[in-house]
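Me: Hi! I'm new to this one, so could you walk me through it in plain words?

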Amino acid sequence: MNPESASMARMSYREACRQAIRDALHADPRSFVMGEDVGKYGGCYAVTKGLLEEFGAQRIIDVPLAENGFTGIGVGAAVAGLRPIVEIMTCNFSLLALDQIMNNAATLSHMSGGQFAVPLVIRMATGAGRQLAAQHSHSLEGWYAHIPGLKVLAPATVEDARYMLAAALADPNPVLIFEHIVLYNTEEDLDAAVHAVDIAHAKVRRAGRDLSLITYGNSLPKCLRAADRLASDGLDAEVIDLRVLRPLDMTTVMESVARTHRAVIVDEGWKSGSLSAEIAARLAEDALYELDAPVRRICSREVPVPYAMHLEEATLPSVDAIVAAARDLVKPR
Amino acid sequence: MTGKIHLDRSHLHEIYRQMQRIRRLEAKCVELYQMQKIRGFLHLYDGEESIAVGVMAALEPHDAVVATYREHGHALAHGVPMDTILAEMLGKVQGCCRGRGGSMHLFDGKRRFFGGNAIVGGGLPLAAGIAMADQRLRPGRVTACFFGEGAVGEGVFHETLNLAELWRLPVLFVCENNLYAMGVPLQDSEVETDIWRKARAYRMPAEQVDGMDPIQMQVAAERAVAHIRSGAGPYFLEARTYRFRAHSMFDTQAYRTRDEIDTWKSRDPIERLRTWMLANHQITLDEAEAIDAGVVDEIAAALAFAEAGTLEPLEDLERFALMDNVAQEVA
């Protein structure tokens with residue numbers, strides 16, 4: 001076994017993102033990375049470290065702080081035949097590019113009657129947990145999941161971080177990938193037999209009979225920890241990783257709820273108008289008679305995410321809160 | 001370049017014909033709007049025809065064009081068929097966007113006409129991106145990007161100009177300065193009212209042109225296109241112009257005077273070209289009338305096509321929201 005393949009076995013989420021980009025750049029000369037500090041600095045979260053040296057300045061392009069401008073250039077480049085991978089440093093900054101994402105990337109195909117595909121990938125960091133305060137910590141993927149014309153991905157495992165990008169680049173639609181900042185340091189063993197993942201389905205990450213924990217992103221490890229604790233109470237929780245936030249794979253969610261008859265949705269976004277609200281509404285519409293208890297939601301508290309550690313922790317979904325909600329749900333009434 | 005172009009009769013006639021196609025099609029659009037056959041927003045190009053016609057005369061068919069919501073003229077001058085434009089405005093599936101876009105969103109992928117952008121300034125980075133792809137995949141091509149002077153208030157105008165010059169992208173920026181952003185006069189919204197100077201601040205070659213004269217527009221555009229095709233980067237033209245009609249069909253024009261409108265109308269580019277050609281024996285009255293009659297016939301045929309068009313079936317409403325399983329042809 002050579003050192004390269006030995007290191008393949010265990011990999012960090014950050015390294016998986018980096019290897020995914022390397023693969024993409026090797027596989028397709030039309031692909032390139034464009035973003036703030038992706039080149040000489042190596043990426044704000046060090047995802048693109050070393051890639052400028054490996055691929056050169058035509059493929060790894062540093063841009064000025066002009067999110068709407070460079071994202072729009074990505075849209076045009078995609079429409080005209082390139083395969084841009086745009087990096088937006090953090091999803092709070094993506095609001096400066098929202099015009100181009102929504103009014104052009106998401107709209108051009110339908111508005112033109114199907115004349116243009118927009119095979120654009122936008123990666124951005126999302127989420128809280130590093131004490132980065134209110135302008136670098138928000139989870140806005142739920143907003144983007146509102147917009148027809150986009151696909152929205154939330155890799156929560158190293159495997160998805162490693163292989164979702166290739167699927168996103170092969171997709172004819174604009175695909176947004178939300179990488180959770182807390183997950184970058186996560187390490188997992190990669191299954192050497194897996195070389196690709198789909199971007200169409202949710203996945204059961206832990207099978208269980210008593211209730212469904214429905215989640216994505218950095219709330220996935222929290223749900224898995226909660227499930228372990230619930231198991232010691234004799235409660236068998238199923239954990240569903242949504243993976244794809246738009247279009248939602250409700251089939252997998254419904255099948256799980258049809259087995260467990262109880263659902264807790266865990267979403268780091270704010271509760272009001274959130275992705276968790278969407279899933280709860282769809283369960284109410286299509287699976288009400290499967291439910292033996294009300295749907296519960298664990299979301300972030302409705303404040304701009306604060307800096308101080310104890311305040312930030314209190315703002316975000318916690319394992320304790322998930323466990324408490326689950327216990328409450330199965331309590332005899 | 002010294003600004004020499006082929007000013008032969010047939011070219012002059014073609015310039016005249018293109019401007020008449022735009023002017024008269026839009027006059028028909030006003031009628032159709034009053035009959036409520038065209039709905040929504042309708043922005044007319046009356047008075048500004050020289051710009052699209054002059055610039056397109058300097059482009060090749062494989063060059064790309066990005067325009068605004070006031071884009072009927074650009075679409076026509078770049079070769080988008082009049083019948084599909086009119087069918088689009090009537091909301092028919094035979095329209096150039098199957099009736100999904102309407103007046104403000106005309107697209108024609110085959111002819112590299114990329115809209116039809118109704119977010120002011122929104123087309124600029126799109127054009128720069130198309131140019132970036134051309135620079136890598138189809139060197140030698142130019143993307144012409146049209147926008148009004150209102151766009152210079154947007155941050156993305158400055159972001160795009162900076163990046164286009166930084167990366168030497170093959171973009172021809174054409175600012176159609178008609179002096180009012182909807183109803184706000186330029187001097188009430190900008191400190192620097194010579195728009196071309198803003199491009200110079202990004203070290204981009206830039207000049208101001210008489211946007212009421214198609215020949216001067218073409219001469220300037222050819223100079224610009226030669227610069228761009230040489231690989232030297234983008235070029236900026238500020239075309240001084242005036243729209244004769246209201247901003248849209250809902251505009252009472254309280255912000256400008258009748259006298260001002262009349263003064264500009266006395267410089268009507270179509271009337272001026274016609275009068276000049278007649279006086280200089282570049283066209284006979286019979287020839288001019290034959291061109292006009294041809295345009296009238298083309299409009300009648302386009303209208304018949306549009307009226308005979310059908311509505312997109314409702315079951316196709318969500319088609320193309322995603323492009324999964326749609327065969328791709330890169331524009």
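Reply: Happy to! One term to begin with: two residues are in contact if their C-beta atoms, placed from the backbone, lie within 7 Å. Also keep in mind that this is a predicted model.

Me: Okay, so how many residues does the contact take from chain B and from chain A?
Reply: Chain B brings 36 residues to the contact, and chain A brings 32 residues.

Me: Which helices of chain B each supply at least two residues of the side that touches chain A?
Reply: Those are α5 (123-137) and α6 (155-166) of chain B. The most comes from α5(B), which gives 11 residues to the side of chain B that touches chain A.

Me: And what's that side like by class?
Reply: On the side of chain B that touches chain A there are 20 nonpolar, nine polar and seven charged residues.

Me: Back to α6(B). At what angle do the axes of α4 of chain A and α6(B) cross?
Reply: Roughly 65°, with the axes of α4 (residues 67-79) of chain A and α6(B) coming within 8 Å. The crossing of these two, α4(A) and α6(B), is right-handed.

Me: Which residues meet there, in α4(A) and α6(B)?
Reply: From α4(A) you have Asn68(A), Gly69(A), Phe70(A), Gly72(A) and Ile73(A), and they meet Gly155(B), Val156(B), Glu159(B), Thr160(B) and Leu163(B) of α6(B). Sorted by class, the contact of α4(A) with α6(B) has four nonpolar, five polar and one charged residues.

Me: Nice. What about helices inside chain B, say α4 and α12: how do their axes cross?
Reply: In chain B, the axes of α4 (residues 82-89) and α12 (residues 285-307) cross at roughly 45° and come within 8 Å. That is why α4(B) and α12(B) are oblique to each other. The crossing in which α4(B) passes α12(B) is right-handed.

Me: Who makes that contact, from α4(B) and α12(B)?
Reply: On the α4(B) side, Met82(B), Asp83(B), Leu86(B) and Ala87(B) take part. The residues of α12(B) include Glu298(B), Ile299(B), Leu303(B) and Phe305(B). By class, the contact of α4(B) with α12(B) has nine nonpolar, no polar and two charged residues.

Me: Switching topic: how is chain A divided?
Reply: Chain A has domain 1 (3-189) and domain 2 (203-330). Their centres, taken over C-alpha atoms, are separated by 26 Å. The contact takes 23 residues from domain 1 of chain A and 23 residues from domain 2 of chain A.

Me: What supplies the domain 1 side of chain A?
Reply: At least two residues each come from α7 (141-144), β6 (151-153) and β7 (175-180) of chain A, on the side of domain 1 that touches domain 2. On that side, β6(A) gives the most, with three residues. The residues of that side of domain 1 of chain A divide into 12 nonpolar, eight polar and three charged.

Me: Where are the cis peptide bonds you can point to?
Reply: Arg246(A) and Pro247(A) are joined by one, with omega about -5°. Pro247(A) sits in the loop between β12 (244-246) and α10 (250-260) of chain A. Gly115(B) and Gly116(B) are joined by a cis peptide bond too, with omega about 20°, and Gly116(B) lies in strand β2 (residues 113-117) of chain B.

Me: Last one: what values does the predictor give the complex?
Reply: An ipTM of 0.96 and a pTM of 0.96. For chain B, the mean pLDDT is 95, and 97% of its residues reach 70 or more.

Notes
Residues numbered from 1 in each chain as written. Chains lettered and ligands numbered in written order. Predicted model: local features only at pLDDT ≥ 70, side-chain atom pairs only at ≥ 80, totals over all residues. Domains from an automatic or database assignment. Helix = DSSP H or I, 4+ residues; strand = E, 2+ residues; numbered from the N terminus. Nonpolar A, V, L, I, M, F, W, Y, C, P; charged D, E, K, R; others polar. Axes fitted to C-alpha atoms, helices over the stretch in contact; angles between N-to-C directions. Parallel < 35°, antiparallel > 145°, perpendicular 65-115°, else oblique. Left-handed = near helix turned anticlockwise from the far one by under 90°. pLDDT = per-residue confidence, 0-100.
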